[in-house]
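New to this one? Have a look at the model below, and then we'll walk through a pocket, a helix and a group of rings.

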Amino acid sequence: MASDRAAAHPLPYTTYRQAIERETARLAEVVRGVDPATPVPSCPGWTVGDLTRHVGSLQRWFSALLSRLVQEPPRSREVELGLPDSAGEYSRWVEAGIPRVAAVLEATDPLAPMWAWGVDQHARFWARRMLFETLVHRVDAELSAGLASPLDPELAADGVDEFLVNLPHAHLFAPAVAELKGDGETLVFQCAGAATGPDAGEEWWVRLEADGFRLLDRSAAAADTASPDARTTVRGEAADLLLLLYGRRSYQDSAFEVTGPPETLDRWFAHTAF
């Protein structure tokens, strides 16, 4: 598995820092009014308490990695969490971590070399990863509470890119990804934003091959000679595409226009759920 497409960071590092703060504050606000025992429909088997603890724990772990600029995979994920005894206090615990996360990100050079499980071996990888972990789980929290707030289309398009660029390396914790293969089929995820919108014209081409899959760069996508019968395109707004890739939407929803064999999509989602 490989990617022809380099790790893209079209958004300024400050954008990630500020968005993490906003998304974390929103998540804490949402879960504060929800019974922590409430099931999370988009994360089967999880409660709101589990979700909140997960986000707060990951942010603290990522912050620890950034503080040390680790140069090799950590042997342990244990960090000082300061976790409250009561799940009812988790929202305040997550909120209380915002200044610490902000301080770590502020003090870190985004171009500092460090270990990362994805393509980009720099500190900025973890800021980008932290943002989309938090953003998607904010959506999960809102689904649990029967609420909804919009996703910024520019952030969403960047989240689609972040997911697809790093997916070939996700087999480290999602073994099924390593079994995603094909016979030259192509998947195209295409933004359908307004002609003047920040996500307009964005698209990502993925080729399924006998030894795995790869995200094509723009020149390879432009030169694609695969038969139209072997190409499946999913077109939707950036926010919907992001949630689709994370398994929070179905490609059969009316938000998407799908052309080509749906079987390729079925195979894709059977191997990329994590």
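Before we start, a word on names: helices here are DSSP runs of at least four residues, numbered from the N terminus. Keep in mind, too, that this is a predicted model.

With that settled, which helix gives the most to the lining of the largest pocket? That's H5, with 6 residues. Helix H2 (48-68) and H6 join H5 as the elements that give two or more residues to this lining. The pocket has a volume of about 720 Å³, and 29 residues line it. If you want to find its centre, look for Leu58, Arg129, Glu133, Phe173 and Phe274, which lie nearest to that point. Sorted by class, the lining has 20 nonpolar residues, along with 4 polar and 5 charged ones.

Next up is helix H8, which spans residues 238-245. Is H8 mostly covered or mostly open? Mostly covered: 8 of its 8 residues are buried. The buried residues run from Ala238 and Ala239 through Asp240 to Leu241, Leu242, Leu243, Leu244 and Leu245. What do they pack against? Their partners are three helices, H5 (124-145), H6 (153-166) and H9 (262-272), plus two strands, S2 (186-191) and S5 (231-236). So H5 and H6 turn up again here as packing partners of H8, having already appeared in the pocket lining. Just past the end of H8, Gly247 takes a positive phi of about 75°.

Now for the rings. Two aromatic rings count as a pair if their centres lie within 6.5 Å, and by that rule the model has 12 aromatic pairs. Here are two of them, which share Phe125:

| Ring pair | Centre distance | Angle between planes | Type |
|---|---|---|---|
| Trp117 and Phe125 | 5.5 Å | 85° | edge-to-face |
| Phe125 and Trp126 | 5.0 Å | 85° | edge-to-face |

Why do both get the edge-to-face label? Planes over 60 degrees apart count as edge-to-face, and the planes in both pairs sit at 85°.

Are these rings buried or exposed? Trp117 is buried, and Phe125 is too. Phe125 has 3% relative accessibility, so it counts as buried. Trp126, at 0%, counts as buried as well; the cut-off for that word is under 20%.

These pairs are part of a wider picture. Ring pairs link Trp61, Phe62, Trp115, Trp117, Phe125, Trp126 and Phe173 into a cluster. You've met one of those names already: Phe173 is among the residues nearest the centre of the largest pocket.

Note on methods: Residues numbered from 1 in each chain as written. Predicted model: local features only at pLDDT ≥ 70, side-chain atom pairs only at ≥ 80, totals over all residues. Heavy atoms only, no water. Phe/Tyr/Trp six-rings, centres within 6.5 Å; stacked < 30°, edge-to-face > 60°. Buried < 20%, exposed > 50% of the residue type's maximum accessible area, 1.4 Å probe, protein only. Contact = heavy atoms within 4.5 Å. 1 Å grid on protein atoms, 1.4 Å probe; cavity = no way out; pocket = protein on both sides within 12 Å on 5 of 7 lines; lining within 4 Å. Points joined across faces, edges and corners; volume = space filled by probe spheres on them. Nonpolar A, V, L, I, M, F, W, Y, C, P; charged D, E, K, R; others polar.
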